[in-house]
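User: I have a structure to go through, and I would like to understand the labels used to describe it. Could you walk me through the reasoning?

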Amino acid sequence: MKTVSFPKGFLWGGAIAANQSEGAYLEDGKGLTTVDLMPTGKNRWNIAKGKVDSFKPMEGEFYPSHEAIDFYHRYKEDIALFAEMGFKALRVSISWARIFPNGDDEQPNEAGLRFYDNLFDELLSHGIQPVVTIAHFDVPVHLVEAYGSWRNRKLVHFFETYAKTIFKRYKDKVKYWMTFNEINMLLHLPFVGAGLVFKEGENKLQIQYQAAHHQLVASALAVQACHEIIPDAKIGCMLAAGMTYPYTCNPDDVYKAMEKDRESFFFIDVQSRGKYPGYAMRFFKDNQLSIDMEDGDEDLLKIGTVDYIGFSYYGSRATSTDPEILKQIGSGNVFASVENPYLEKSEWGWPIDAKGFRITANQLYDRYQKPLFVVENGLGAMDKVTPDGEIKDDYRIDYLRKHIAAMGEAIQDGVEILGYTSWGPIDIISASTGEMKKRYGYIYVDKDNEGNGTLNRMKKKSFYWYKEVIASNGENL
Ligand code: BG6
């Protein structure tokens, strides 16, 4: 494979999230979060979309976040393996409910704060930079029950308090931050993205965009606070990216593809440029949405613009205006997309498109002219352990090799990229399905979908491959 050179100091590593890895869901004073209410099985999808019947875990259901891969107790062992691969960065998230168990508590929970102190110290002792997401899909359940989560303006204040608390506590340890993971997820899986629960007959779109405004203001306040408290830190936004192709060159298809992309860009346009774009105002008008904004919000958004654009990329999307073509849209994918006949798919039906990664990176850089940070990318696949204990995940190596090469091309195109943290460097719980068997890791975790297994860690073939990629700064793919 053609080799490319990556910049000196490029941040190679991996990315995980608290709710998909830590487990220990009520330990050391942690409160219940939205993800702790999401079982495996068909009910998960309804809940993810905002149809929630109970604010307590229910008998007879299996909740994968409760134990996850027990990173809470095993982080030292896992970080030693990341260090062996040569990681320069590990993206983690802080669980809001470890710091403020109810979300609106007067004082933070010291045991929760201490856990992340220990985690960051461990990373730094191995020369690994922590890259920290403040909110990765987990809202304290009390905030949902008592306030209606992000539909309520009060969440802005609670989030600001939480963000300032962690900036002050970790200011000497964490220099890369992100506000909301995949902020555009709010439009697709509103309970996952923003803890939104809907009642029969409510205008969902209105609630979603009001919640979006609150998150955007909260993000701007966090950016401002981060700049004040940790002047040498960088703080970014985070987009679930993947450009939308028009199915044909019919201008109607092209326009629709642009609109689809704008659905996601809307968030980043505000976070990066500091104001609502014109097309959003028209969208609100056409859909009779009215967003409550307070005096001063416009100024806040202007001041609180991000330093870099974090994004996840798993594959591209495609759309059409032809009703026949639209029939192909599957229901299982988070981002509805028509099938692209030029692309292969993963076992979970996600399109595989390395060239699309290069296009997406170029598109984001052209639009924002700010450094990018690839904070998620990877292939969810089923792995088999051979009788002699090996895991030969050549399919994963193939996916990552092509994507890293495409990223290298984007860099040659002039795109500034700070680093690459592939998703789930150790197998963790799948966010969309709750499964364990949808694995992304270089490190295998012995656990199945039902929660059976020793939780032992094993190196896959890709472990040695990625180690060499990092050692050669991306030259040996
Ligand atoms: C992103 C999320 O949507 O994709 C992660 O930020 C998630 O939390 C990842 O795990 C992969 O999705 P899944 O459903 O395969 O785990």
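User: Let's start with glutamine 369: why does it count as exposed?

Analyst: Happy to help, and please keep in mind that this is a predicted model. Glutamine 369 has 10 C-beta neighbours inside 10 Å. The cut-off for exposed is 12 or fewer, so glutamine 369 counts as exposed. Glutamine 369 lies in the loop between helix 14 and strand 11 (372-376), and its phi is positive, near 55°, although the residue is other than glycine.

User: And what makes aspartate 70 partly exposed?

Analyst: Aspartate 70 has 16 C-beta neighbours inside 10 Å. A residue is buried at 20 or more and exposed at 12 or fewer, so aspartate 70 counts as partly exposed. Aspartate 70 sits in the loop between helix 2 (43-48) and helix 3 (71-85), and it has a positive phi of about 60° although it is not a glycine.

User: Why is glycine 434 called buried?

Analyst: Around glycine 434 there are 23 other C-beta atoms within 10 Å. Buried needs 20 or more, so glycine 434 is buried. Its place is in the loop between strand 12 (417-423) and strand 13 (443-445).

User: Which residues does glycine 434 contact, leaving aside its neighbours within four places in sequence?

Analyst: Those contacts are Met38, Pro39, Thr40, Arg44, Pro64 and Ile429. Tyrosine 63 makes a good example of separation along the chain: tyrosine 63 and glycine 434 are 371 residues apart in sequence, while their C-alpha atoms are separated by 8.1 Å.

User: Why does isoleucine 352 count as partly exposed?

Analyst: Isoleucine 352 has 19 C-beta neighbours inside 10 Å. Buried starts at 20 and exposed ends at 12, so isoleucine 352 counts as partly exposed. Isoleucine 352 belongs to strand 10 (residues 351-352). Apart from its neighbours within four places in sequence, isoleucine 352 is in contact with Gly315, Leu343, Glu344, Lys345, Ser346 and Tyr399. Its C-alpha atom and that of serine 316 are separated by 7.5 Å, with the two positions 36 residues apart along the chain counted as their separation.

User: What makes lysine 173 partly exposed?

Analyst: Lysine 173 has 17 C-beta neighbours inside 10 Å. Partly exposed covers what lies between the limits of 12 and 20, so lysine 173 counts as partly exposed. Lysine 173 is in the loop between helix 7 (154-170) and strand 4 (176-180), and it touches Phe120, Leu124 and Pro130, not counting residues up to four places away in sequence. Lysine 173 and histidine 188 are 15 residues apart in sequence, and 34 Å apart in space from C-alpha to C-alpha.

User: Now the helices. Why is helix 14 called roughly parallel to helix 15?

Analyst: The axes of helix 14 (residues 354-368) and helix 15 (residues 394-412) cross at roughly 30° and come within 8 Å. Angles under 35 degrees count as roughly parallel, so helix 14 is roughly parallel to helix 15. Helix 14 passes helix 15 in a right-handed crossing. Among the residues making the contact are Ala354, Phe357 and Ala361 of helix 14 and His403, Ala406 and Ala410 of helix 15.

User: What makes helix 9 roughly parallel to helix 10?

Analyst: The axes of helix 9 (residues 204-229) and helix 10 cross at roughly 30° and come within 10 Å. That angle falls under 35 degrees, which means helix 9 is roughly parallel to helix 10. The contact is made by Ala212, Leu216 and Ser219 of helix 9 and Phe267, Val270 and Gln271 of helix 10.

User: And why is helix 7 roughly parallel to helix 9?

Analyst: Here the axes cross at roughly 25° and come within 9 Å. The limit is under 35 degrees, so helix 7 is roughly parallel to helix 9. The crossing of helix 7 and helix 9 is right-handed.

User: Last one: how do you know that helix 10 is not straight, and where does helix 10 bend?

Analyst: A straight helix of 23 residues would span 33 Å, but helix 10 (residues 251-273) spans only 28 Å between its end C-alpha atoms. The bend, about 45°, is at serine 264. Serine 264 is one of the buried residues of helix 10. Just after helix 10, glycine 274 takes a positive phi of about 85°.

Key
Residues are numbered from 1 along each chain as its sequence is written. This is a predicted model: local features need pLDDT of at least 70, side-chain atom pairs count only at pLDDT 80 or more; totals for chains, interfaces and linings use all residues. Helices (H or I, at least four residues) and strands (E, at least two) are DSSP runs, numbered from the N terminus. The expected span of a helix is 1.5 Å times one less than its number of residues. The bend at a residue is the angle between axes fitted to the seven residues ending there and the seven starting there. Axes are lines fitted to C-alpha atoms, for helices over the stretch in contact, and angles run from 0 to 180 degrees between N-to-C directions. Angles under 35 degrees count as roughly parallel, over 145 as roughly antiparallel, 65 to 115 as roughly perpendicular and the rest as oblique. A crossing is left-handed if the near helix is turned anticlockwise from the far one by less than a right angle, and right-handed if clockwise. Two residues are in contact if their C-beta atoms, placed from the backbone, lie within 7 Å.
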